[in-house]
Amino acid sequence: MTGAPAMTAEICAALAALQGAERASPRLRSACASLVGRLNAPVRIGIFGLPGAGKRALLDALCGTRLALFGPALPTLELGHGAAAQSEAVLPDGSRMASEGGLSPALLQHAPAFLTLQLPNPQLEGRRYLLLVTDAAEADIAPALAWAARRVDIALWCTSDWTPLEARLWQAAPDALRNHAIVVPTGTAIPSGLQAAREGFQACMQICLPETDGDSAEKGVQRLSDHLRKTAEAAAEQDLLAAQMFLQRHGVNVTAPEAPPGTAATVLPHPATEAPGPPVAPEAKTELARLFQYVRSSAEALRHALLDDLSGPECADDLLTRLDGIFETLSDRAGDLDHLGDAWPDLPDLLFEARDQSLLMRMEGGMEQAAEAARLLVQLRGDMEVRLAA
Amino acid sequence: MTIAETSDPTEPLDTTLPSPFHGLEGLAARLAAMDHKLSELCGAEARPVSLQARKLRKQIREFEPGITFIGQVKAGKTTLVNALVGRADLLPADVNPWTSVVTSLHLSPTLEEDDRRSSFRFFSNEEWGALIRQGGRVGELASRAGAESELEKVRRQLEEMREKSKARLGRKFQLLLGQTHDYNTFDRELIERYVCLGDDFWDEPEGDTAAFGTGRERGRFADITRSADLWFSAPDTPVNLCIQDTPGVNDTFMIREQITINALRNTRLCVMVLSAQQALSAVDLGLIRLISNLRSRHIIIFVNRIDELNDPVREVPEIRDSIQTTLKRFHGPTDVEILFGSGHWANHAVSGSVDRLGGASAQALLDWSSAHLDQSLAQHHPVEIIWTMSGLPALGQAISERIAQDSGAQLEESVGTALQNLRAGLSAAAARQPAERIAAGACRMSRDQIAARFARIEAQALTTLQEAMTAVHRTFASRTENARKTFQGRASDSLLKHLDLYGDGEVWTYDPAGLRMLLRSAYNVFVHGAGKACGTAQETAANDIAALIGEAFGTTGTGLEAPPLPPAPAPVSLGQTIALDLRGSWWTRFWRRRRSRKSLSDEFARLIHEETVPIVDALRRDCADPYVESLRDALSGFIRAQRDLVTGLAFGEGTPQPVPGGAPVPHTPQATLRSAP
């Protein structure tokens, strides 16, 4: 995305200014700080799966590393980018052991419980991988997934034959993990029992790993890398827009390259709620998480449609119809989600109003309206995210 | 083929044509079976059971689904309706466009042929006064849009109309308003006196009060008649039917639009009649607006007068496409069934005068037939072939299917549930005692205890409903208010953008369909919420009552089903014309008169506000409130019916007081004009 780094820098500066302002409330300050952190943070990709599913090989293929050589001795690890190779091990007794240079068999002899690695590989720029190593037991994996959920933006689930255990584990996995998840069959064929969409995966990307067929594996890895890059870019773009909205809501104007002047006001028909409310019921969070996941996945589907087959003069109307469909579903669902309305009384209204707006935009038609409707969706996503994070 | 000559054209002809409604036979048979089961319960010893069974039988007997025909003046609605009821000349088709009578034809399979009734109702004093004073809805709109000269014109025309009515009806005029004329018969002349207004009428000398039966009597009361109801025998029609013929909607004063809206509000099935020639050329936005507020399954579009097309075989598919495109473009319902045919052909088939079709019409019929005739149909009598080609059997079939699936199914469900609950009560009471001793009492609770429990259940159910409804009402109020604001915001933005781009020389418009869609979706959310609230309250009440029955009679597992919810009225008031719809000269002048940007957008905001308030009020008054009322009645009725049943079974006697409410009656009585147009 050209211009994105400059944009990021500008927005971060504006956020820092807002954070430092005298009138800023503590809540606003922490929101600014977390937004800045978020904008500069690497994309966190988790690699999951049963033992022997091909997790290490996948990590190597994506990062250009050769960790698989260390075999099963490798513990759960985090792999990020750094100017020079560095490693830090957390040993079973809780002590830490840092060392210059890459991973060595000597370090592994201490049987570390957790490893943090930094490598200068270019593939690792802007990324941080989490490789989750567990036993094959449900009792071991389920808590590990819950732990990992808060450390991962995109989940990759490696599987060789999608066993009932895997299906069960995945169904029980936290929503945060399932929001952006790709299932990666590592064998030569997609397991017959696996229906990616039904299981809640956004995509299914098969990769034949090096030991089976070198040529097609490269293509498979390339395809997965591309997908990860696009997802990361889209997420970054949405984060930028959300930050922009956040700034505008607090009266800071930053140049919005995509928004024609004068429309920003109509995009923001409602002020954000500032007052911290009573604690939120877990049922409400679940309902909101589902709704949020719907927004993400339908936005994703829309993005693909835009890339693939939405073009020509009909494009705007088509886009408006699809967007209106999303808003309609959201407002219909919101009407029936009782806990949601109890926890955030303004949220159903926001969703209803967004639907009203999108309906009128659809009737007006035109590219400008389509762009506006798309921004409205991004804004709504932000509104939901703020509530989920609270 | 012989030409059937009849002395009275309102008599049915001796024809072998099958009833277009034979598709209702299945429903009729199922209702008859239910009625039979109920008749057995009517003989039950326990009086409350027999009472309620009788009440349910009455519900079946009075079931009369309605079909409302709407369309433009020249679409041929009346010809079509005449053909559909098998009486080619029943209603006068040459009605002067001034009249605004809604004619309801009540077809009854049980009435004898010479057993007919009719009733004609005049406008009330208030309705008439409002019409003259305000100039109808057009006057209202004109005054809002600031079109004083138009308003004056409308007033003058209406004044003229009133003078003529006065002259025609003499001093009796004021006395007649608000009255109803009932007759134990009807014939063509009687109908014409109320419904038909001859073109030459106003030129006749004043004060001529000739006796009935002369041409002078034609249309005597026509301009003050609001509705006409005719009851007559239709032995081939499996169930009672009410076919409503409404005046066309394209009148100068929009009086008839209001009348049509009122007729539509209480109907569950609407046939929109278009003329084949108009369907391709003119778009009737008023009609599209009206049907947009109904569900697609409640609408059938019938394109009439295909006999007047030069080449129906080629043109009909074009017309179908054109209608679908138009509906889509103007945000109407898009999956509506569209049928084609000719009331003219049908009437000639019905009256056996096919040889008088006329050359062009006969040629069109030949072309149409040769394209659609199949082997099995070709075996039939020519009259039957023409009847089929006229599209009327297909229309009748479509109507029958909708009724069977909609109001018919609703009745079956509600009577079925009530029947099941009756039996459940009976078996609970009989569980410990031989059947003949039910009346002696097997109850473990006292009468007072039972009464108190039921009172508590009812109070609790109504409170639950009330509480849930508070939130639903609040959502509705905020959604309609937001809809107005959102619409006003976007329309004003669009206006300002327009001014930036084109200045104020160009006239700007903004589709008011958006406002309607927002309000409609607010209403749908309301209906959904209200239904859900009532459903929950009913469910709880049903469980409580089942538990009470179990306690009282010492049985377990008494299944008690909550009755189906009454249907919500369609928000047809949203279809009424508002100032924003008028793209004519007023709008242009409204536009031109305002000079500055500021005053334009302020005026526009004010206009939207003034337009929205009455629409929302009408929506609340005519649709939302009555719906809530009907839900509350249904809930109370269900609980009280159970109370009477349980009390009666336990203590072996009749109900202490007459049952108010009872199960909801699915068919609402004939439409009335609630507010003066």
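This report covers salt bridges and two residues with positive phi in a predicted model.

## Salt bridges

Side chains of opposite charge can pair when their charged atoms come close. Over all chains, the count here is 36 salt bridges. Three of them are tabulated below, with the distance between the closest N and O atoms.

| Acidic residue | Basic residue | N to O distance |
|---|---|---|
| D336(A) | K532(B) | 3.1 Å |
| D311(B) | R314(B) | 3.5 Å |
| E610(B) | R606(B) | 3.0 Å |

**Between chains.** K532(B) pairs with D336(A) in a salt bridge. This pair crosses from chain B to chain A. K532(B) sits in helix 20 of chain B, residues 513–553. D336(A) belongs to helix 12 of chain A, residues 315–336. How accessible are the two partners? K532(B) has a relative accessible area of 34% and is partly exposed. D336(A) has 36% and is also partly exposed.

**Within chain B.** D311(B) and R314(B) form a salt bridge at 3.5 Å. D311(B) is partly exposed, at 28% relative accessibility. R314(B) is partly exposed too, at 47%.

**Along one helix.** E610(B) meets R606(B) in a salt bridge at 3.0 Å. Both residues lie in helix 22 of chain B, which covers residues 597–651. They are 4 residues apart, about one turn of the helix. The relative accessible area of E610(B) is 29%, so this residue counts as partly exposed. R606(B) is partly exposed as well, with 32%.

**A network.** In chain A, which residues are joined by salt bridges that share partners? D226(A), R229(A) and E233(A) form one such network.

## Positive phi

Most residues other than glycine have a negative phi. Two residues of chain A are described here for a positive value.

A111(A) has a phi near 50° and is not a glycine. Where does A111(A) lie? It is in the loop between helix 4 (105–108) and strand 5 (114–119) of chain A. A111(A) counts as partly exposed, at 46% relative accessibility.

W162(A) is not a glycine either, yet its phi is positive, about 40°. W162(A) lies in the loop of chain A between strand 7 (154–159) and helix 6 (164–172). Is W162(A) buried or exposed? W162(A) is buried, because its relative accessibility is 6% and the cut-off for buried is under 20%.

Definitions and conventions
Residues numbered from 1 in each chain as written. Chains lettered and ligands numbered in written order. Predicted model: local features only at pLDDT ≥ 70, side-chain atom pairs only at ≥ 80, totals over all residues. Heavy atoms only, no water. Salt bridge = Lys/Arg side-chain N within 4 Å of Asp/Glu carboxyl O. Buried < 20%, exposed > 50% of the residue type's maximum accessible area, 1.4 Å probe, protein only.
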